[in-house]
Amino acid sequence: MPEEKSAATNLENGQATASSTPSKTKRQKTPTRRRPQNEGVVVAGGVGITGGGVVILPQHVLNELYHNYSIKQRRSGLKWFLFAAVLFNVWTICIPWQQALPTRACCWPYLLLTGLLHIGRRSERPALRRFHQSLLTVIPRALWFLSMLHFASYVMLQNSFSPRDVLGWAILLNFLIYVTLPLPLIFLGLVIGFCTYFNCLSLPVGFSRPDPQLSEQAAANAVLIATAALIGLLYYFMGEAKQKRAFLEAKKSLEVKMVIEEQSAEQERLLLSVLPKHVAIKMREDLGSSSSEAFKKIYMSRHENVSILYADIVGFTAISSTYSAQDLVKMLNELFARFDRLAEKYQQLRIKILGDCYYCISGAPDERPDHAVLCVHMGLSMVKAIKYVQQKANSPVDMRVGIHTGAVLAGILGQRQWQFDVYSKDVELANKMESSGKAGRVHISDKTLAFLSGEFEVEPAFGEKREELLRIAGLKTYFITKVVKPFASPCAKKINESKSENANHSPDSTSSNENNESNDNGDDNDATLDDEELLAQSATTNGLATAAAVEDEEEQIKLENFKQRLKDELVTRDGHENLTKDTNIFLRFKNPQLEQSYAVYREPYSSLPLLAALLVQCIDVLYSYLVLPRSTLHFINIAAPLVPIAMLVAISIAESFSGMLPKFFVDVSKRFNDITFVRELAAIIIALTIGLSNVIDMFFFVTFVRTEHIVSESEFNATAGLEEVPNAEHLLPASFVQQMRDAVPTERVLYPSYLSNFGVLILIAIAVIAQLTHLTKILLLLSIAALHCYFNVFLMQDLYALEDDLAHQPIISTRYCASGLLLVAALALSFLARHMDHEDRVIFKWKTEVAEQKETANDMRQRNEALVYNVLPVHVAEHFMKNTKRSHDDLYSQSYAEVGVLFASMPNFSDFYSEETVNNQGLECLRFLNEVISDFDALLELPQFQDIIKIKTIGSTYMGASGINLQRNLRNDAAITERWSHLAVLVDFALELKHALQGINEQSFNHFVLKMGINHGPITAGVIGARKPHYDIWGNTVNVASRMESTGKAGAIQVTEETCNILQQFGYTFQQRGLVAVKGKGQLMTYYLQGKSESNSEPKPAIELHESKPEATPVSLDVTQELEVDIKTPLLKLKAQDTAAQDAPVAHLTNGTVAESQSLLE
């Protein structure tokens, strides 16, 4: 089949590409070579993609899997071979009454074996199940052998036998062995097929009674049996092609699923490294759902008894002036990567990284009684970890840690660039605990001390005397002085076990044990600072793993995983047993839509079985020439249907040979087959034509013989006791009767049973038609068989009487035997037709399940993708998801020379925050803040602001940047208006923020104002902490922008003189404020933005640059436009919606010291 070859070629090419890549290791447990194309294989190619790499499935493994799968699926047809054989056994017992006792007895072992096959089939006992499985491999061969034995014994033990007696069963048997026996083709075709054909042809001829037409009968039998075998082979290859497609689809779908699963797993890992699991799950569930609530969805929850840790690097501002931004980011990344490892060890949830400030919590979202103890251990380890920076920078930097325990509101705000954060007065107190502490010490409050259970020794710190807010809160503070109960690390236990094993195998075991004892008595925090690194070193030292061995092991795991999953996927495909729940008694799907889809759907090359009908009609001409009267009108009767049958078959199968036929003819064939009613009607016409052609031939046969008086009256009278036969002469015109008399030859050839035997071949041709349902085929089979039986019994009685005379007058007339055998064939093929329809429906259901599984997995990936892209910028998220084998300490950073930075805060919002009961402990205040930030985020969805990136929110401060575009390429000599067009867009965005907040104020009767600062220049953007990626921007430009906001006034936008000079070229007007003292920068001349001159329009280069930029959605996602704005990602192109916030309670909010949060790398 062209499609199979194409699929096989594609898979083989994929394997060649994968195997041509040089391997890093020489050692291979399983050969993964590419088999030459000329090797005999069943299924080509074996490529299993698993996201991070390619798993090459060896060809012999793939062939073995397909072989087992194919045999398993074909076993379901074995019972219908048994059913047909039992019917024939019943026929041999009941019909020919005169046969000998051995002939009757030989069928009983067959029936016994049939019952044996069902032993243990549905048993839950393992022994019976194993016995049943062993029988499945033996019984198909045993059944065939018994069938041949029964056929031979029946032929040899008959007193008088002719080649016509069991020809119908021989025809059916040669068809059934290819269709129902679960045996491989080589064994089936070369051994069983040939032996069956030889036995069915030679035995009846060899043991036949003397007959003048014996050679002609042998030739006719050979033609009819060979035709049945050819039809069986045609259906075998058609079934094999369907199973192969189903196997390849299962394999390909598994590959796609594994790719999607690995990508989803990486997305999930990346997502869960930034957001807690319960928040990520809830957000994924809500993604795409519509909300009728007045407020946008807020993911916030309150947690009691949570320990909050703030840690700040003392003296980092001094060294920041001696290092470039890139070096500082690299240094911070290495330091915070160590902190992240410690956070994993001590069960901390890192919240944010603000410049050189690191803070985390313990006891949320999962409550635990030892939250304060773990937090203190974390702080002590961080103080020791700062020694790395001291050595790296050669500077006396130190760590200042503050810990406080209380209640927090934990969650996310806004709809873009989500960051998990905590809010409450206790969070501010923890910040003050850090700022009022001392370098190199862990500063805790009395609230935290109450949860330490005596595991640490402390001394008074008197922090309340240094910080007014602590005094107002009534807190007493302490410094940790000594660890009373060391922390037991799981990694440390593994290291000790590894060391003890080394000591037992080392000659210096005594000294090693002494060293271990001395280490155990030391400070646990020193020993467990980098437990993960020590464990990895220990494993390497012991030779447990090398780089090559690990890589080879990963490849082997992937290969075995793919192989096992593919095997499980195919083993579970026992649809022949579990389709009952999806269909009714008529094998129609209970789901109307599924049934309609199945009616429209058609398998590739499904029209090819129509060739069997054309072949049968052609064979009618050949065999009848040998054993039937050679009448001209007879040949006209059987040859005339060939023309319409050939036309319908040609137009039906033309689309299967698109490469060999003209395009016009192929297109007509496709349109013909696309109409379900038309293709079914064509199949019915073909089936009725070949069936009725034989019935009409029987009528002509009787008419010709009686009209020509080929048989004398004495011969008819010799058959005494027979009823009078109806004469068909009066049914025809006299002139037509005379023509028939002239056309009939004088030879006397009278074998009417051949017409019934040929009827079995017609029934076979109808049974394999794929365009018809089993109900239609059963109706056609039984109708045509009934017509043949009626003609045998009532219209051809006298002719069968002559044939009985040749057989020495058997007790049961040949017409009844032939009719009975015809009914046996019709009944057996009816059940087989149901089985064929069942098999097609199973494969169709598999296809729908595969599509649903892929759609489900893809939907999960898209949801994860949407969430990930809402946590990190698109290009950053893609970098982390593609580089799955990166080190956790790898640094991702990009430098940009021309970037605009915006800080916008609501300074009067903190005056409204309160944790009163009426405000649900502050939750309603944060709900209102979420409305404000969400409306700000909605502005980023507008096309004119697509190049602005939200960096983060710090409490009520909104931070954004422009010009961070990897595809923004400008000429070196470009005009300022072209280079800094994005800065003008950033100013427009700032003005829109003011308008949005004004609209919220009008609807909520509040008076919030924005205080904003904008600066421009070079920055470094990157990710700190690859285990828990945190995207941020750093540099002098960011620091100055932060100071422009913090030193500005409410309701104004403050900029530096350099920024003012650029923006003036875009038509913006400014008012000079004067010199402003900026920490670390001295006196800077600043300006307040007044507005934009209406006479000056925005320069065209800015519009041209904006239009030349690609859309901010490089990854497409099929999401409907009806999604609410409460879930926004760069992938979702939603129109900005004007949303109104309801009245919110008066509130007061603090999230640490905003001024410190804004001062990055100072």
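1. Which element gives the largest share of the lining of the largest cavity? In this predicted model, that share comes from α9, which supplies five residues. The largest cavity has a volume of about 130 Å³, and the structure holds eight cavities of 30 Å³ or more.

2. The lining of the largest cavity consists of 13 residues, and those closest to the cavity's centre are Arg74, Val179, Tyr235, Gly239 and Glu839. Two or more lining residues are given by each of α2 (59-74), α9 (214-272) and α35 (814-868). Sorted by class, this lining has six polar, four nonpolar and three charged residues.

3. The second largest cavity, with a volume of about 80 Å³, has a lining that includes Ser273, Val274, Arg350, Phe420, Lys1028 and His1030. Strand β4 (residues 349-354) gives the most to this lining, namely three residues, and the lining as a whole divides into five nonpolar, three polar and two charged residues.

4. Turning to the nonpolar interior, the largest nonpolar core has 107 residues, of which Ile171, Leu172, Phe175, Leu224, Leu761, Ile764 and Leu829 touch the most other members. Leaving aside residues up to four places away in sequence, Leu829 is in contact with Leu172, Phe175, Val760, Leu763, Ile764, Ala767 and Leu781. Another core, of 53 residues, lies apart from the largest one and has Ile308, Tyr359, Ile412 and Leu867 among its members.

5. Two cysteines may also be noted: Cys789 counts as buried because its relative accessibility is 11%, under the 20% cut-off, and Cys817, with a relative accessible area of 16%, is likewise buried. The count of disulfides in the model comes to zero.

How values were computed: Residues are numbered from 1 along each chain as its sequence is written. This is a predicted model: local features need pLDDT of at least 70, side-chain atom pairs count only at pLDDT 80 or more; totals for chains, interfaces and linings use all residues. Side-chain values use heavy atoms; hydrogens and water are left out. A disulfide is a pair of cysteine sulfur atoms within 2.5 Å. Buried means under 20% relative accessible area, exposed over 50%, partly exposed in between (1.4 Å probe, protein chains only). A nonpolar core is a set of buried Ala, Val, Leu, Ile, Met, Phe, Trp, Tyr and Cys residues joined through side-chain atoms within 4.5 Å. Contact means heavy atoms within 4.5 Å. On a 1 Å grid over the protein atoms alone, a cavity is a set of points where a 1.4 Å probe fits but cannot get out, and a pocket is an open set with protein on both sides within 12 Å along at least five of seven lines; lining residues have an atom within 4 Å of a point. Grid points are joined across faces, edges and corners, and a volume is the space filled by probe spheres set on the points. Helices (H or I, at least four residues) and strands (E, at least two) are DSSP runs, numbered from the N terminus. Ala, Val, Leu, Ile, Met, Phe, Trp, Tyr, Cys and Pro count as nonpolar, Asp, Glu, Lys and Arg as charged, and the others, Gly among them, as polar.
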